[in-house]
Amino acid sequence: MTAPALADPTDFTRGNGSDSASFRACFGSFATGVLIVTCKPPGEVGVAITINSLSSVSLNPALALFCLEERSATLASFLRAGHFAMNILCRDQAALSNHYAQHHEVRDTDFLPAWQSGAPILKGALAVADCTLHDVYGGGDHRILMGQVLETGVRKGDPLLYYRGGYGSICDATS
Ligand SMILES: Cc1cc2nc3c(=O)[nH]c(=O)nc-3n(C[C@H](O)[C@H](O)[C@H](O)COP(=O)(O)O)c2cc1C
């Protein structure tokens with residue numbers, strides 16, 4: 001199989017930094033994994049939302065963050081819970097990614113019993129970081145939720161990737 005021809009190295013489609021379509025086109029070019037972040041405030045149902053704005057931040061202390069739209073109905077639940085689990089998706093979990101981008105109440109059949117923090121743990125995730133909520137920062141129309149990692153888990157498998165508005169896998173990239 002031959003690789004696609006590379007584009008002209010001088011040919012950029014340029015956009016104004018404040019134009020949201022250009023912003024998305026630029027940062028959507030940064031291929032990421034996908035995760036479902038979960039929490040369960042005391043006495044309430046579990047909440048889950050699809051995210052790709054994960055960054056590991058610090059080893060000592062162990063900190064990792066994600067960015068959540070300020071107007072998301074899930075934000076208040078994360079603040080009430082004071083914890084979250086970052087469930088990093090396997091390549092066969094695109095349907096779950098689409099589901100929890102739209103519906104935020106956890107389906108019990110998708111999840112395992114909680115670990116230390118109390119957040120729902122996704123069955124079949126590639127990796128999990130179970131966190132307490134350490135800090136919350138402002139970030140324009142998003143909030144930055146920083147977690148202290150209590151426990152991690154990893155399984156064998158390949159990640160689900162997200163790139164320019166679509167899903168892929170490492171197998172696609174290397175074939
Ligand atoms: C692959 C993917 C990645 C996403 N990443 C983020 C993200 O990092 N932060 C965010 O706030 N929303 C992200 N979203 C959108 C949310 O999942 C959700 O659709 C949006 O916040 C609207 O949800 P609401 O019902 O809470 O308003 C992502 C969606 C998809 C499909």
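A residue is classed as buried if 20 or more other C-beta atoms lie within 10 Å of its own, as exposed if 12 or fewer do, and as partly exposed in between, with C-beta atoms placed from the backbone. The structure is a predicted model, in which local features need pLDDT of at least 70 and side-chain atom pairs count only at pLDDT 80 or more, whereas totals for chains, interfaces and linings use all residues. Residues are numbered from 1 along each chain as its sequence is written.

Under the burial criterion, Arg164 counts as exposed because it has 12 C-beta neighbours inside 10 Å. Arg164 is found in the loop between strand E11 (160-163) and strand E12 (166-169); strands (E, at least two residues) and helices (H or I, at least four) are DSSP runs numbered from the N terminus. Although not a glycine, Arg164 has a positive phi of about 45°. Most residues other than glycine have a negative phi, and most peptide bonds are trans. A cis peptide bond, with omega near 10°, leads from Asn60 to Pro61. Pro61 lies in the loop between E4 and E5.

Seven strands form an open sheet with antiparallel pairing, in the order E3-E2-E6-E9-E10-E5-E4; two strands are taken to pair if DSSP finds at least two bridges between them. The edges are occupied by strand E3 (47-51) and strand E4 (55-58), each with a single partner strand, so one side of each is left without a neighbour in the sheet. On average, neighbouring strands of this sheet are turned by 35° against each other, direction ignored. Helix H3 (residues 94-102) packs on the sheet and touches strand E2 (35-39) and E3, contact between two residues requiring that their C-beta atoms, placed from the backbone, lie within 7 Å. The direction of H3 makes about 115° with that of E3; axes are lines fitted to C-alpha atoms, for helices over the stretch in contact, and angles between N-to-C directions run from 0 to 180 degrees.

At the E4 edge, E4 pairs with strand E5 (residues 63-69) in the antiparallel sense over three bridges, and a hairpin of four residues joins E4 to E5. Ser58 stands opposite Leu63 in E5, while Ser55 stands opposite Leu65 in E5. E5 also runs antiparallel to strand E10 (residues 142-154), to which seven bridges join it. The bridge partner of Leu63 in E10 is Gln148.
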